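Here are some short exercises to work through with the model open beside you. Try each task before reading its solution.

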Amino acid sequence: FPQFLWTQSLGGLGEAVARALARQGWDVVLSGRRLDRLASIAQQINRDATEREEEAQKKKEHREAGGGD
């Protein structure tokens, strides 16, 4: 898996890049001084990933049941 590390990733650009890469399947490592903000960003990225996985699973089950795309 591709990996991405961005130091001081709490700003707008770092967060946006981390989110975009996570959506593409990259392992993302964030760093910064504000642990509360880091935790919040990480939780949001993880929640987004879980939602994408659940949606992909639903589509797969629908296709396997003969429903097409």
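## The nonpolar core

This is a predicted model, and its largest nonpolar core has seven residues: Leu-10, Ala-18, Ala-22, Leu-30, Leu-38, Ile-41 and Ile-45.

**Exercise 1.** Find which helix gives the most residues to this core.

*Solution.* Begin with the helices that take part: H1 and H2 each supply at least two residues of the core. Then compare the contributions: H2 gives the most, with three residues.

## Two helices side by side

**Exercise 2.** Work out how H1 and H2 are oriented relative to each other: roughly parallel or roughly antiparallel?

*Solution.* Two packed helices are described by the angle between their axes and the distance between the axes.

- Step 1: locate the helices, with H1 covering residues 12-23 and H2 covering residues 35-64.
- Step 2: take the two values, an angle of about 25° and axes 10 Å apart.
- Step 3: apply the cut-off, by which angles under 35 degrees count as roughly parallel. H1 and H2 are therefore roughly parallel to each other.
- Step 4: add the handedness, since the crossing of H1 and H2 is right-handed.

**Exercise 3.** List the residues that make the contact between H1 and H2, and sort them by character.

*Solution.* From H1 come Glu-15, Ala-18, Arg-19, Ala-22 and Arg-23. H2 brings Arg-37, Ile-41, Gln-44, Ile-45, Asp-48 and Arg-52. Sorting these residues gives four nonpolar, one polar and six charged.

## Buried or exposed?

**Exercise 4.** Decide whether Arg-19 is buried or exposed, and find its contacts beyond its neighbours within four places in sequence.

*Solution.* Arg-19 sits in helix H1. Its relative accessible area is 17%, and the cut-off for buried is under 20%, so Arg-19 is buried. Setting aside neighbours within four places in sequence, Arg-19 touches Gln-44, Ile-45 and Asp-48.

**Exercise 5.** Do the same classification for Gln-24, then find how far Gln-24 is from Ala-49 in space.

*Solution.* Look for Gln-24 in the loop between H1 and strand S2 (27-30). Its relative accessibility is 60%, and exposed means over 50%, so Gln-24 counts as exposed. Gln-24 and Ala-49 are 25 residues apart in sequence, and their C-alpha atoms are 9.8 Å apart.

**Exercise 6.** Finish with Gly-66: is this residue buried or exposed, and what separates its C-alpha atom from that of Gln-44?

*Solution.* Gly-66 belongs to the segment after H2. With a relative accessible area of 65%, Gly-66 is exposed. Gly-66 and Gln-44 are 22 residues apart along the chain, with 33 Å between their C-alpha atoms.

Conventions
Residues numbered from 1 in each chain as written. Predicted model: local features only at pLDDT ≥ 70, side-chain atom pairs only at ≥ 80, totals over all residues. Heavy atoms only, no water. Axes fitted to C-alpha atoms, helices over the stretch in contact; angles between N-to-C directions. Helix = DSSP H or I, 4+ residues; strand = E, 2+ residues; numbered from the N terminus. Parallel < 35°, antiparallel > 145°, perpendicular 65-115°, else oblique. Left-handed = near helix turned anticlockwise from the far one by under 90°. Contact = heavy atoms within 4.5 Å. Nonpolar A, V, L, I, M, F, W, Y, C, P; charged D, E, K, R; others polar. Core = buried A, V, L, I, M, F, W, Y, C linked by side-chain atoms within 4.5 Å. Buried < 20%, exposed > 50% of the residue type's maximum accessible area, 1.4 Å probe, protein only.
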